[in-house]
Amino acid sequence: MRVACGLDSLILGEPQILGQVKQAFQITEAYYQQSKVALSSEFSRLFQKTFSTAKRVRTETDIGESAVSVAYAACSLARQIFESLHGVNILLVGAGETIELVSRHLLRHGVKRLMIANRTVAKAELLVEKLASNTPIEVFSLDQLQDALDQADIVISSTGSPNVLISQEMVSLAQKKRHYSPMLLVDIAVPRDIDETAAKLDSVYHYTVDDLQDIIQRNLSQREQASKQAEGIIAQECEDFLNG
């Protein structure tokens, strides 16, 4: 039960663990059915109890509420500042694993328009194929970065570039074209992709990976508190199972 609830995972409260446990149980069920062998009723009851316990932990505690990955924290920050992402134009710079995770988080929250800029256009196009989304996703080269920036309300950047890709001047030009509407810049690259002096511009909110790490640390502390509550629920459910 502790495993299914994410209490033993590397990232405390990781929700994907429950899905993996369910998948393992389904594979086991299918194997026994194909072998025409009855699955132990006690074994089946244990897993059903485990699934209901995990659901109770998710419902009654905050163990899965706070962002504890850089990609998720970046998306949570965007939702805090803009509340709804439905009418927001988002530019992602890069096409690596982190940007893929960010893309998936954003698409799950109903983003209507996504732009991806990358040094290699073919790699960005491959990412679009992997995402397989109904949401329109436009691809830009880095030579077209200013054009994409001019349309963006939110910019999340994560490349391996040794040099700054988005200068203060580029952001200033974009803000003029956007009539100084609020712009969120989230730089999760090391070294930095976005000139930190862009934060001095009006209506620009600038965050770096260091800011996100601070958010993650606070959220991990909250999850640790929630895990104590989860342990109590698991103890109750274990006792109920053993006495059942």
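What span should the 20 residues of helix H2 (residues 41-60) have at 1.5 Å a residue, and how far apart are its end C-alpha atoms? In this predicted model, the expected span is 28 Å, and the end C-alpha atoms are 28 Å apart, so the two agree. Ser40 caps the N-terminal end of H2. A side-chain oxygen of Ser40 lies 3.3 Å from the backbone nitrogen of Glu42. Buried residues of H2 include Phe47, Phe51, Ala54 and Val57. Lys49, Thr50 and Thr53 are also buried. Helix H1 (16-34) and helix H8 (209-243) are among the elements that cover the buried residues of H2.

The largest nonpolar core holds 31 residues. Leu92, Leu106 and Ile156 touch the most other members. At least two residues each come from several elements, including strand E1 (89-93), helix H4 (97-108), strand E4 (154-157) and H8. Helix H3 supplies the largest share, six residues. Beyond residues up to four places away in sequence, Leu106 touches Cys75, Leu85, Ile90, Leu92, Val111, Leu114 and Ile156. Another core, of 22 residues, lies apart from this one. Val93, Ala148, Leu149 and Ala174 are among its members.

The unreviewed UniProt entry annotates a "binding site" covering Gly94, Ala95, Gly96, Glu97, Thr98 and Ile99. Ala95 lies in the loop between E1 and H4, whereas Glu97 is found in H4. Ala95 has 10% relative accessibility and therefore counts as buried. Glu97, at 64%, counts as exposed. Apart from neighbours within four places in sequence, Ala95 is in contact with Asn118, Lys123, Ala124 and Leu127.

Notes. Residues numbered from 1 in each chain as written. Predicted model: local features only at pLDDT ≥ 70, side-chain atom pairs only at ≥ 80, totals over all residues. Heavy atoms only, no water. Helix = DSSP H or I, 4+ residues; strand = E, 2+ residues; numbered from the N terminus. Expected span 1.5 Å × (residues − 1). Buried < 20%, exposed > 50% of the residue type's maximum accessible area, 1.4 Å probe, protein only. Contact = heavy atoms within 4.5 Å. Polar contact = N/O pair within 3.5 Å; in protein donor to acceptor, adjacent residues only side chain to side chain. Core = buried A, V, L, I, M, F, W, Y, C linked by side-chain atoms within 4.5 Å. UniProt positions renumbered as here; feature names shortened; annotations may be inferred.
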